[in-house]
Amino acid sequence: MLSPAIKGFTLGASLIVAIGSQNAFVLQQGLRKEFVFTICTICFLCDAILILLGVGGFGQLIASSESMMLVARWGGALFLIVYGIRSFRSACKDEAMKVDTSDKQTNGLTWAVSTTFALTLLNPHVYLDTVILLGSIAGQYPESERLFFATGAVFASMTWFYGLGFGARVLTPFFPKQLSLKILDGLIGAIMWGIAGGLIFS
């Protein structure tokens, strides 16, 4: 039973660790120390639910719905473009010149929660990776071993998101005060637009 769990953890980690819009946002909020636990928990629980749905056979339903994938594709691209604009604008502001290590929060909880859900659920790659890909691979195992595979993948998600969110604080001293989040905001904007372009032109 250990082998399916290890394979689930390894494959889940390889899909989650790739830098994307969701991971970039978690890193950014981790550096700013804003609602880190809440954001990481949302990302982890969404991943866990989608993985369990995929292992349970829901992946085949998603893959067969062309209209559902089309809506997710264009909706996700539009959101990423708008968020990219927001990141570039933030990079041009003077207040982005400093990493805030205090407990002062620049954005509200509602904004953080809604943005996390949007970056997670409006990205078609999330469904392709968790529901369809992991679900199809889990289907190759006997039914009694699929839960172990799913458990491994879910544990990989939990380890990554909490590690990224709270581990980001270690990077704070490496951000020069005269640059601060300008570089990070610009990089995140480029990532958002790059993923949006991939969705549109794929």
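Which residues of H7 are buried? I looked these up first and found Pro124, Val126, Tyr127, Thr130, Val131, Leu134, Gly135 and Ala138. I note at the outset that the model is predicted.

**Entry 1. Helix H7 and the loop after it**

I checked the length of H7, which covers residues 124–138. Its 15 residues reach 20 Å from the first C-alpha to the last, close to the 21 Å expected at 1.5 Å a residue. I recalled that an α-helix has 3.6 residues a turn, so residues three or four places apart point the same way.

I then moved to the loop between H7 and H8, where I located Tyr141. Is Tyr141 buried or exposed? Tyr141 has a relative accessible area of 15%, and because the cut-off for buried is under 20%, I recorded Tyr141 as buried. Setting aside neighbours within four places in sequence, I listed its contacts as Pro4, Lys7, Arg146 and Phe149. Pro4 is 137 residues from Tyr141 along the chain, yet I read a C-alpha separation of 8.0 Å for the two.

**Entry 2. The chain as a whole**

I counted nine helices and zero strands in the chain. From the N terminus on, I therefore wrote the order of elements as α-α-α-α-α-α-α-α-α, with helices taken as DSSP runs. The chain has 202 residues, of which 44% count as buried. I also looked up the sequence range of the contacts: among those between residues at least 6 apart, 90% join residues at least 24 apart.

**Entry 3. Helix H2**

I compared the span of H2 (residues 21–32) with expectation. At 1.5 Å a residue its 12 residues should span 16 Å, and I found the end C-alpha atoms 17 Å apart, which agrees.

How many of the 12 residues of H2 are buried? I found 11, and H2 is thus entered as mostly covered. Among the buried residues are Ser21, Asn23, Phe25, Val26 and Leu31. Following H2 I noted Lys33, whose phi is positive, near 60°.

I examined Gln22, which lies in H2, in more detail. Gln22 is buried, with a relative accessible area of 11%. Not counting residues up to four places away in sequence, Gln22 touches Cys43, Leu119, Thr120 and Phe161.

**Entry 4. Packing of H2 against H8**

Two packed helices are described by the angle between their axes and the distance between the axes. For H2 and H8 (residues 143–167) I read an angle of about 40° and axes 7 Å apart. The two helices are therefore oblique to each other. On the H2 side, I found the contact to be made by Gln22, Asn23, Val26, Leu27 and Gly30. On the H8 side, the residues are Trp160, Phe161, Leu164 and Gly165.

**Entry 5. Thr116 and the cysteines**

I placed Thr116 in helix H6, residues 109–121. Thr116 is buried, with a relative accessible area of 1%. I listed Phe25, Ile39, Ile42 and Cys43 as residues that Thr116 touches, not counting those up to four places away in sequence.

I next searched for disulfides. A disulfide is a covalent bond between the sulfur atoms of two cysteines. My count came to zero. Why is the sulfur of Cys43 not bonded to that of Cys40? The distance is 6.6 Å, too far for a bond, although the sulfur in Cys40 is the closest cysteine sulfur to that of Cys43. Cys43 counts as buried at 1% relative accessibility. Cys46 is also in no disulfide, and I found its nearest cysteine sulfur, that of Cys43, 7.1 Å away. At 10% relative accessibility, Cys46 counts as buried.

**Entry 6. Aromatic pairs**

How many aromatic pairs does a search of the whole structure find? I obtained five. One of them is formed by Phe88 and Trp193, with 4.8 Å centre to centre and 70° between the planes. Since planes over 60 degrees apart count as edge-to-face, I recorded the Phe88 and Trp193 pair as edge-to-face. This pair links distant parts of the chain: Phe88 is in H5 (residues 66–91) and Trp193 in H9 (residues 181–201), 105 residues apart. Phe88 is partly exposed, with a relative accessible area of 27%. Trp193 is also partly exposed, at 41%.

Finally, I noted one aromatic cluster formed by Phe37, Phe44 and Tyr162.

Notes
Residues numbered from 1 in each chain as written. Predicted model: local features only at pLDDT ≥ 70, side-chain atom pairs only at ≥ 80, totals over all residues. Heavy atoms only, no water. Phe/Tyr/Trp six-rings, centres within 6.5 Å; stacked < 30°, edge-to-face > 60°. Helix = DSSP H or I, 4+ residues; strand = E, 2+ residues; numbered from the N terminus. Buried < 20%, exposed > 50% of the residue type's maximum accessible area, 1.4 Å probe, protein only. Disulfide = S-S within 2.5 Å. Expected span 1.5 Å × (residues − 1). Axes fitted to C-alpha atoms, helices over the stretch in contact; angles between N-to-C directions. Parallel < 35°, antiparallel > 145°, perpendicular 65-115°, else oblique. Contact = heavy atoms within 4.5 Å.
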